[in-house]
Amino acid sequence: MPSHTLQTVPLLDETVIQAMAADLGTDTCQQLVQLFITELQQLQQDITVAMTNKSLPDILSAVHILKNSAALYGAQRLALLANTIHSDTTAAPALIYQNTANLVDILCQTLALYQSSLSARGVQGDDDE
């Protein structure tokens, strides 16, 4: 997927979070977003280790989880690239590694955005754990 196409997709679709808050209540929504942040942090570690070890099965396993979670929480750019990586089973390993490196960058951007969004709503993360 061309990076210029990917850049047109928002990191966060705020309407997804707003709908979640309307359906579940603000407190529950904030708790779920905090769980998503924690999951993103774990997946970032898992993908980084898998990239270091050049383990395609581990990369694809983490990307599979990521594509679904990201879509559920409105992380559109992350979900799109994760879906692209996971769906293209015929891609050469070098392309998968390149796309996964891009994915890690987008994951970091998304994580920072969700953390700042949660902080702006007055919720502190569990960084001590």
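Me: Which element of the protein chain has the lowest mean pLDDT, and which the highest?
Reply: This is a predicted model, and helix α1 (residues 3–7) sits at the bottom with a mean of 73. Helix α3 (residues 26–52) comes out on top at 96.

Me: And what does the protein chain average?
Reply: The mean pLDDT is 89, with 90% of the residues scoring at least 70.

Me: Where does pLDDT stay under 50?
Reply: Over residues 123–129, and the model has six contacts beyond four places in sequence for that stretch. Where pLDDT is low, don't read the predicted coordinates in detail.

Me: OK, switching to the fold. How many helices and strands are there?
Reply: Six helices and zero strands, so to speak α-α-α-α-α-α when you read along the sequence.

Me: How do α4 and α6 pack?
Reply: Helix α4 (residues 56–72) packs on helix α6 (residues 93–120) at an angle of about 45°, and their axes are 11 Å apart. That angle is why α4 counts as oblique to α6. The crossing of α4 past α6 is left-handed.

Me: Which residues meet there?
Reply: From α4 you get L56, I59, V63 and L66; from α6, P93, I96, Y97, T100, L103 and L107. By type, that contact has nine nonpolar residues, one polar and no charged.

Me: What share of the protein chain is buried?
Reply: Buried residues are 38% of the 129.

Me: And of the contacts between residues at least 6 apart in sequence, what share join residues at least 24 apart?
Reply: In the protein chain, that's 74%.

Key. Residues are numbered from 1 along each chain as its sequence is written. This is a predicted model: local features need pLDDT of at least 70, side-chain atom pairs count only at pLDDT 80 or more; totals for chains, interfaces and linings use all residues. Side-chain values use heavy atoms; hydrogens and water are left out. Axes are lines fitted to C-alpha atoms, for helices over the stretch in contact, and angles run from 0 to 180 degrees between N-to-C directions. Helices (H or I, at least four residues) and strands (E, at least two) are DSSP runs, numbered from the N terminus. Angles under 35 degrees count as roughly parallel, over 145 as roughly antiparallel, 65 to 115 as roughly perpendicular and the rest as oblique. A crossing is left-handed if the near helix is turned anticlockwise from the far one by less than a right angle, and right-handed if clockwise. Contact means heavy atoms within 4.5 Å. Ala, Val, Leu, Ile, Met, Phe, Trp, Tyr, Cys and Pro count as nonpolar, Asp, Glu, Lys and Arg as charged, and the others, Gly among them, as polar. pLDDT is the predictor's confidence in each residue, from 0 to 100. Buried means under 20% relative accessible area, exposed over 50%, partly exposed in between (1.4 Å probe, protein chains only).
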